[in-house]
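Me: Could you walk me through this protein one question at a time? I am new to reading structures, so please show me how each answer comes about.

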Amino acid sequence: KQWYQRRVAITAGGRGGGRGGGRSYDEGPPDSVVKIGKLMNSCEGDLVLRADNDMVPYFNAPIYLENKQQIGKIDEIFGPINEYLMSVKLMPNMTADSFKRKQPFYINPMKLLPMSRFLPKPAAALGPKVKRLGGAGGSFRGRGSFGGRGGGRGRGGGGRGRGGGRGRGGGGFSRGRR
């Protein structure tokens with residue numbers, strides 16, 4: 001029973017917390033805040049803000065009032081890319097009715113990404129297409145491909161250990177038997 005309780009304590013947030021990190025701690029108020037948008041409406045207890053900033057916020061980024069009091073976190077970003085909207089999930093002690101329309105909201109500038117990161121790259125910047133050698137299934141065997149360590153997981157070849165590269169149906173995960 002003791003090892004079980006210790007195991008629960010470890011998986012419940014200590015030591016990395018499983019998939020996706022787990023180090024979610026209160027960062028406290030930021031040194032500075034920038035305006036992210038204005039309140040358009042409230043919907044099902046969340047706020048809907050229209051963005052005034054040409055940067056895009058991180059998901060779950062904290063949203064503040066001008067006095068750096070946190071009111072919630074960004075839940076979703078939606079709408080056209082040039083006039084996007086965002087929904088803000090409020091803190092448990094906040095209600096959507098306590099805010100006025102067109103009231104400004106603020107964000108930590110470190111929680112913003114440039115809009116260019118979400119736009120397609122110009123064709124000229126990509127450069128000419130380079131034809132790759134080799135056929136399907138990773139027969140290129142250069143660094144960074146599926147070759148060299150057993151091939152890809154296509155039809156047949158590949159696998160790990162002995163047993164790779166036997167043509168159709170010969171691959172997979174062999175345990176060294178023939």
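Here are some questions and answers about this predicted model.

Me: In what order do the helices and strands come along the protein chain?
Reply: Happy to start there! The chain has two helices and eight strands. Read from the N terminus on, the order is α-β-β-β-β-β-β-β-β-α.

Me: What percentage of the residues in the protein chain is buried?
Reply: A residue counts as buried when its relative accessible area is under 20%. The chain has 178 residues, and the buried share of them is 26%.

Me: Which residues touch the most other members of the largest nonpolar core?
Reply: This core has 22 residues. Strands β1, β2, β5, β6 and β7 each supply at least two of them. The residues touching the most other members are Ile36, Leu47, Ile63, Ile71, Phe99 and Phe105.

Me: Which residues is phenylalanine 99 in contact with, leaving aside its neighbours within four places in sequence?
Reply: Phenylalanine 99 is among the core residues that touch the most other members. With the neighbours within four places in sequence set aside, its contacts are Leu39, Leu47, Leu65, Ile71, Leu90, Met94 and Phe105.

Me: How do β1 and β2 pair, and over how many bridges?
Reply: These two strands form a hairpin with two residues between them. Cysteine 43 stands opposite aspartate 46 in β2. The pairing is antiparallel, and the number of bridges is six.

Me: What is the bridge partner of valine 34 in β7?
Reply: β1 also runs antiparallel to β7, and four bridges join the two. β1 covers 34–43 and β7 covers 104–107. In β7, the partner of valine 34 is isoleucine 107.

Me: Is glutamate 44 buried or exposed?
Reply: Glutamate 44 sits in the loop between β1 and β2, and in that turn it has a positive phi of about 50°. Exposed means over 50% relative accessible area. Glutamate 44 has 80%, so the word for it is exposed.

Me: How far apart are the C-alpha atoms of glutamate 44 and lysine 89?
Reply: Along the chain, glutamate 44 and lysine 89 are 45 residues apart. In space, the separation of their C-alpha atoms is 9.8 Å.

Me: Is serine 87 buried or exposed?
Reply: Serine 87 has its place in strand β6. Not counting residues up to four places away in sequence, it touches Leu47, Lys73, Ile74, Asp75, Glu76 and Phe78. Its relative accessibility is 8%, so serine 87 counts as buried.

Me: How many salt bridges does a search of the whole structure find?
Reply: Let's first recall the idea behind them. Side chains of opposite charge can pair when their charged atoms come close. A search of the whole structure gives a number of salt bridges equal to three.

Me: How many residues apart in sequence are the parts that aspartate 52 and lysine 35 tie together?
Reply: Aspartate 52 and lysine 35 form a salt bridge, with their closest N and O atoms 3.3 Å apart. Aspartate 52 lies in the loop between β2 and β3, while lysine 35 lies in strand β1, so the parts they tie together have a sequence separation of 17 residues.

Me: Which residue meets lysine 89 in a salt bridge?
Reply: The N to O distance in this bridge is 3.6 Å. Lysine 89 lies in strand β6 and its partner in strand β2, so the pair ties together parts that are 43 residues apart in sequence. Lysine 89 is partly exposed at 44% relative accessibility, whereas the partner is buried at 13%. That partner is aspartate 46.

Me: Where does glutamate 83 lie?
Reply: Glutamate 83 meets arginine 50 in a salt bridge, at 3.6 Å from N to O. The pair links distant parts of the chain, 33 residues apart, with arginine 50 in strand β2. The place of glutamate 83 is the loop between β5 and β6.

Me: What is the accessible area of the nonpolar surface patch formed by Ile81, Phe118 and Leu119?
Reply: Take leucine 119 as one member: it is in the loop between β8 and α2. Its relative accessibility is 37%, so leucine 119 counts as partly exposed. Together, the three patch residues have an accessible area of about 270 Å².

Conventions: Residues are numbered from 1 along each chain as its sequence is written. This is a predicted model: local features need pLDDT of at least 70, side-chain atom pairs count only at pLDDT 80 or more; totals for chains, interfaces and linings use all residues. Side-chain values use heavy atoms; hydrogens and water are left out. A nonpolar core is a set of buried Ala, Val, Leu, Ile, Met, Phe, Trp, Tyr and Cys residues joined through side-chain atoms within 4.5 Å. Buried means under 20% relative accessible area, exposed over 50%, partly exposed in between (1.4 Å probe, protein chains only). Contact means heavy atoms within 4.5 Å. Patches are made of residues with over 30% relative accessible area and no salt bridge: like charges are joined within 9 Å, nonpolar side chains (Val, Leu, Ile, Met, Phe, Trp, Tyr) within 5 Å. Accessible areas come from the Shrake-Rupley method with a 1.4 Å probe; for residues, only the protein chains shown count as cover. A salt bridge is a side-chain nitrogen of Lys or Arg within 4 Å of a carboxyl oxygen of Asp or Glu. Two strands pair if DSSP finds at least two bridges between them.
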